[in-house]
There are 2 protein chains.
Amino acid sequence: MKVVCIGSGNVATHFSNAFKANGAELMQVWSKNQNHAAELAKATGAMPISDLKKIDPTADLYLIAVKDDAIPEVVEALNAVQGIVAHTSGATDINVFAESGMNFGVLYPLQTFSKQKALDFKNVPLCIEAKDQETLDALKSIARMLSPLVYEVNSEKRRILHLSAVFACNFVNHLYALSNDILAKNDLDFEILRPLIMETAEKVQDAFPADVQTGPAIRNDEQTIVKHKELLKDMPELKDIYETLSKSIKKTH
Amino acid sequence: MKVVCIGSGNVATHFSNAFKANGAELMQVWSKNQNHAAELAKATGAMPISDLKKIDPTADLYLIAVKDDAIPEVVEALNAVQGIVAHTSGATDINVFAESGMNFGVLYPLQTFSKQKALDFKNVPLCIEAKDQETLDALKSIARMLSPLVYEVNSEKRRILHLSAVFACNFVNHLYALSNDILAKNDLDFEILRPLIMETAEKVQDAFPADVQTGPAIRNDEQTIVKHKELLKDMPELKDIYETLSKSIKKTH
């Protein structure tokens, strides 16, 4: 199993490490920035390149992990390869490959990656889609090498997953950031809130979130809501978010 | 160490079990509802009561774990006891005890409890406050019996913690619920999102949330934001929340 990794960001780094850990050979790492390519290439024993024309045509998998708007030019440059070419984007349709004669597909990891934090790839749901059944089967084998959590998801549903991940990850993290703002403004340490954050996530691992909702809004505890809004009177943006989300909780339940 | 537990809800249940597991004697469990009292009493070997006048005056600790607006009447009924009387409310000032001659304090758990889910009490931050230094020292020893995470927090800061917990727990859980709504509407299973939810919480255990923010809003990826709003066109409330939180992310960073 020979892999060429196009990209050197968080997604490229975690995929490359996972492929290497599972016995695949990393042939090349491409990045527009030669230094970035060299860094990831060194860690995985690959050859760093910064010219798409130098891509080795003999790999089994070409993994595209670049910014969404850079995908089309990569696709064009890869047109002659024989192996499977897969992008990793949640928001990009499989049609981005439509004009090509390649064996193409999608390998979308529904997870949040950061370079600083190690992550067990067994906890990365991989959503796959492919040009035809043969390519899909091949991509499924490759995905299962890396993670037991493999799902067949078409482009339309992948967009939905990507959107729901914005709520469950990006917006959630922003709420963590806002609670830290509230604490910092009052000389309180974020440390004290961390166990609650973990438990809140753990609670929905075996339950549906609507069934474990707690707090003043779901209890219709107007007295507490009024007190909280009073505490936020100097933070109008947070007060607005408090009102919007409290209203939404009351409405849903 | 003899404990009387006033209340039989989630907080009362988790505290009672933790006290019992750490060798304390549960003397009585009070609930307005005799069946609820009996249930928790049975699990902890305590005597169930539903009349506040029958409270044993010889306990070391009277833990008040009832709804906020029921605390004053409990305080009044306990006026003759000698042990420490502590409420567990985030939003209730220590002044609720001011008229009493008791040894009073607060033992506020900054955690989310549900009856269905077991929880290691070692992960429960306990915020304490007391009438005087002697009572505070005694309450600190009691708290440390249950958890290593003991913080001295006055009533003003406790209110702030309670407010920040609404953002980091109640609102976060509601965002989980909204992502599930998006998935369900499109025949996708919440299961696929659970690993992302765990990892998002784990990421801020060693980092500050503002430093690990990801997603289209922080990247100023207007193209994706427009597509997401289009996908939400039949869910105006979610579209509104999407816009409010995206705007807030862009503003903060």
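Let me begin with helix H7 of chain A, whose buried residues are covered by elements that include helix H8 (236-252) of chain A together with H5 of chain B. Before I go on, please keep in mind that what we are looking at is a predicted model. The buried residues of H7(A) are A:Thr224, A:Ile225 and A:His228. Because they cover an arc of only 100° around the axis, they sit on the same side of H7(A). As a reminder of the geometry behind this, an α-helix has 3.6 residues a turn, so residues three or four places apart point the same way. On the other side of H7(A) we find A:Gln223 and A:Val226, which are exposed.

The same helix brings me to the cavities. There are four cavities of 30 Å³ or more in this model, and the largest of them has a volume of about 40 Å³. Which residues line the largest cavity? From chain A they are A:Thr224, A:Lys227, A:His228 and A:Leu231, and from chain B they are B:Ala91, B:Arg159 and B:His162. Helix H7 (222-231) of chain A and helix H5 (155-185) of chain B each supply at least two residues of that lining, with H7(A) giving the largest share, four residues. By character, the lining divides into two nonpolar, three polar and two charged residues.

Turning to the nonpolar interior, the largest nonpolar core holds 124 residues, and of these A:Phe167 and B:Phe167 touch the most other members. If we take B:Phe167 and leave aside residues up to four places away in sequence, its contacts in chain A are A:Leu175, A:Leu178, A:Ser179, A:Ile182, A:Leu232, A:Leu238, A:Ile241 and A:Tyr242, while in chain B it touches B:Val172.

Next, let me take helix H6 of chain A, residues 194-203. Nine of its 10 residues are buried, so H6(A) is largely enclosed by the rest of the structure. Those buried residues include the charged side chains A:Arg194, A:Glu199 and A:Lys203, and also A:Pro195, A:Leu196, A:Ile197, A:Met198, A:Thr200 and A:Ala201. What covers them includes helix H5 (155-185) of chain A, together with H5 and helix H6 (194-203) of chain B. One residue of this helix deserves a separate word, namely A:Pro195. A:Pro195 has a relative accessible area of 16%, and it counts as buried because the cut-off is under 20%. Setting aside residues up to four places away in sequence, A:Pro195 touches B:Gln111, B:Asn123, B:Pro125, B:Leu149 and B:Gln205.

Two loop residues of chain B are worth a look for their backbone angles. Most residues other than glycine have a negative phi. B:Asp187, however, has a positive phi, near 55°; this residue lies in the loop between H5 and H6 of chain B, and at 66% relative accessibility it counts as exposed. B:Asn220 also has a positive phi, of about 55°, although it is not a glycine, and B:Asn220 is found in the loop between H6 and helix H7 (222-231) of chain B.

Finally, some figures for chain A as a whole. Chain A has eight helices and eight strands, and along its principal axes its C-alpha trace spans about 70 × 35 × 30 Å. Of its 253 residues, 57% count as buried. Among contacts in chain A between residues at least 6 apart in sequence, 51% join residues at least 24 apart.

Notes: Residues numbered from 1 in each chain as written. Chains lettered and ligands numbered in written order. Predicted model: local features only at pLDDT ≥ 70, side-chain atom pairs only at ≥ 80, totals over all residues. Heavy atoms only, no water. 1 Å grid on protein atoms, 1.4 Å probe; cavity = no way out; pocket = protein on both sides within 12 Å on 5 of 7 lines; lining within 4 Å. Points joined across faces, edges and corners; volume = space filled by probe spheres on them. Core = buried A, V, L, I, M, F, W, Y, C linked by side-chain atoms within 4.5 Å. Buried < 20%, exposed > 50% of the residue type's maximum accessible area, 1.4 Å probe, protein only. Contact = heavy atoms within 4.5 Å. Arc of directions from axis to C-beta.
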